[in-house]
Amino acid sequence: MSVPAPAVAACRAAVLGSPIAHSLSPVLHRAAYAALGLDDWSYGRHEITEETLPAFLAGLGPAWAGLSLTMPLKRAIIPLLDTISDTAASVEAVNTVVIAPDGRRFGDNTDIPGMIAALAERGVDKVSSAAVLGAGATASSALAALSRICSGPVTAYVRSDARAAEMREWGARLGVDVHTADWADAARGLSAPLVIATTPAGATDALAAAVPERPGTLFDVLYDPWPTPLAAAWSGGGGAVVGGLDLLVHQAVLQVELMTGRAPGPLDAMRRAGERAITAR
């Protein structure tokens, strides 16, 4: 499926969601614009709910090139788009909208390739098995990423039978051999070559004491506060750690390229900007 070319004269983009005040997307995108010399481009944030989303889209003018979507809009946006990518369709979640010169809206998902790129940056491009902690929307994106890099089974540690069933269904849909286990046994999953933690802040803190003697790679999608107790213990034990800022930067690079038609190049400027913003909080 082809992506419509961004409008040449377009110079506006923004992140939408609720709550949105914490989003680092404006910091990252503005750093990319500065690195690219796109002085006439702006990137904002808007507090938008599922109920107010249709009216917001209807009010967009010709200067708009794209949108970033966070919760709770990643699925609510889909019926309001003209087309979506196969990647977005695979997890029924859109985090990027490209607005063509004629007003058509194309939805994509940069979280999945962003995860793959963040892992590849740390030398992880193939694993024999993996564990996923949690079962929310980010967990389904993690399964989609694992469908491309994991050759063996994936065990998802969840808190309810309903969540377990959802993860097995996503696995079947994405072609991943997903097994499920109770959250109470999550410490066992830490011995996997790759562990992806997709849970809210604090959920994995108790697991810090259970980091194995020779840990593999931990991908903790949180970025604030950072490091999490689990990430700190993991790194202290000699294991490789990929953090939420790594994911944010890699997925944002892809968004910038889709919206502006230009690749930001080196990630350093965006990553440094994100680090400064987190430190300043």
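Here are some short exercises with worked solutions on the predicted model above.

Before you start: residues are numbered from 1 along each chain as its sequence is written, and side-chain values use heavy atoms, with hydrogens and water left out. In this predicted model, local features need pLDDT of at least 70 and side-chain atom pairs count only at pLDDT 80 or more, while totals for chains, interfaces and linings use all residues.

**Exercise 1. Check the radius of gyration of the chain against the globule rule.**

Step 1: take the rule, 2.2 Å times the number of residues to the power 0.38, with the radius taken over C-alpha atoms.
Step 2: put in 281 residues, and a compact globule would come out near 19 Å.
Step 3: the chain has 19 Å, so the two agree.
Step 4: for the outline, the C-alpha trace spans about 55 × 35 × 30 Å along its principal axes.

**Exercise 2. Work out what share of the residues is buried, and what share of the contacts joins residues 24 or more positions apart.**

Step 1: buried means under 20% relative accessible area, exposed over 50%, and partly exposed in between, using a 1.4 Å probe and protein chains only.
Step 2: by that cut-off, 52% of the 281 residues are buried.
Step 3: a contact means heavy atoms within 4.5 Å.
Step 4: of the contacts with a separation of 6 or more, 64% are between residues 24 or more positions apart.

**Exercise 3. Place strand β5 among its partners.**

Step 1: strands are DSSP runs (E, at least two residues) and helices are H or I runs of at least four, numbered from the N terminus; this chain has twelve strands and ten helices.
Step 2: two strands pair if DSSP finds at least two bridges between them.
Step 3: β3 (residues 64–69) runs antiparallel to β5 and is joined to it by three bridges, with G66 opposite V98.
Step 4: β6 (residues 105–108) also pairs with β5 in the antiparallel sense, over four bridges, and D108 is the bridge partner of T96.
Step 5: look at the side chains of β5 (residues 96–99): T96 and V98 point one way, V97 and I99 the other, and all are buried.

**Exercise 4. Track down the unusual backbone angles.**

Step 1: recall that most residues other than glycine have a negative phi, and most peptide bonds are trans.
Step 2: M71 and P72 are joined by a cis bond, omega about 5°, and P72 sits in the loop between β3 and β4 (83–84).
Step 3: W226 and P227 are also joined by a cis bond, omega about 0°.
Step 4: E92 has a positive phi, near 50°, and counts as partly exposed because its relative accessibility is 35%.
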